Amino acid sequence: MIADVVRLFIPNSALNYNHLVVCPDSRKAAIVDPFNADLLFNFANEQNLEVEQIWITHEHPDHIKDLTPLQRLTNAHVYAPETCRGKFDADTWLKDNQTITLGNCAISHLLTPGHTPGHGIFWQRDHWAIFGDTVFNAGIGNTKSGDATELYHTVQRLKHLMTDTVKVYTGHDYIETNLKFTLQQKPNLESAARLLEQVSQQTPDTRLISNWAQEKEINLFLNAPDREAFIELRALRDKW
Ligand SMILES: [Zn+2]
């Protein structure tokens, strides 16, 4: 069964998005990268959701800030990439391609190193993916505590796995800044100019949710011809 994904904007300086993944049959939910336990817990209660699981993409403080309080509030089972072991506490350390069962939904986890050595994403093939800080709209995660070559190889793998219809859920609301960078690099990229016009009318709460087909058009990092070009682009974005 295909799960619903609900995106909640967290009004902090890092512009985080938190996500709830919901089995529509059982109303069982998983909360991804909890920043604000009260906000998430109250939302789940209002929506009559049973928070059964917490999923973590990586160990950066803005992705695990309220892990402990949310666990106390919900008694939920914590899943995290096995490559994050030792950075925080989890109940199940996930391997690459491991499946998680949430109600009647089967969700896959992939190890996606690069932004940090330990990073994972959660997805249902052809439908949606929660990329954490691996892929952003019109961008990718930084590699200040990771490795750009590793992130390049992760992105190549994702390009093989993702299909056009996959909805792209990211850890932060960076689309406007990233599109401005895109247009500085490629001033004639009309699809990026059109999209920037569209998203500049939106708020972080109403921001469009892109799909993989759109990202292939506007995300320069997905289109970098080789490893060197990818690393060069990452360095340019760091300095921008
Ligand atoms: Zn991060």
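Is strand S8 mostly covered or mostly exposed, and how many of its seven residues are buried? Keep that in mind as you take this tour of a predicted model.

**Stop 1: the annotated span.** Select residues 15-172. The UniProt record, an unreviewed entry, labels this stretch "domain: Metallo-beta-lactamase". Colour it by secondary structure: the span is 23% helix and 33% strand. Now show the C-alpha atoms at its two ends, which lie 5 Å apart.

**Stop 2: the sheet.** Next, find the open sheet of five strands, ordered S7-S8-S9-S10-S13 with mixed pairing. Select 98-102 for S7 and 167-169 for S13: these strands stand at the edges with a single partner strand each, so one side of each has no neighbour in the sheet. Going from one strand to the next, the twist averages 25°. A little background helps here: strands of a sheet pair through backbone hydrogen bonds, either parallel or antiparallel.

**Stop 3: S7 meets S8.** Add residues 105-111, which form S8; S7 and S8 pair in the antiparallel sense over five bridges. Click on Gln98 and you will find His109 of S8 opposite. Likewise, Ile100 stands opposite Ile107 in S8. The hairpin of these two strands has two residues between them, and Gly103 takes a positive phi near 60° there.

**Stop 4: S8 meets S9.** Select residues 120-124, strand S9. S8 pairs with S9 in the antiparallel sense too, over four bridges. Return to His109: in S9, Phe122 stands opposite this residue.

**Back to the opening question.** Select S8 once more. Five of its seven residues are buried, so this strand is mostly covered.

Technical notes. Residues numbered from 1 in each chain as written. Predicted model: local features only at pLDDT ≥ 70, side-chain atom pairs only at ≥ 80, totals over all residues. Pairing = 2+ DSSP bridges. Axes fitted to C-alpha atoms, helices over the stretch in contact; angles between N-to-C directions. UniProt positions renumbered as here; feature names shortened; annotations may be inferred. Buried ≥ 20, exposed ≤ 12 C-beta atoms within 10 Å, placed from the backbone.
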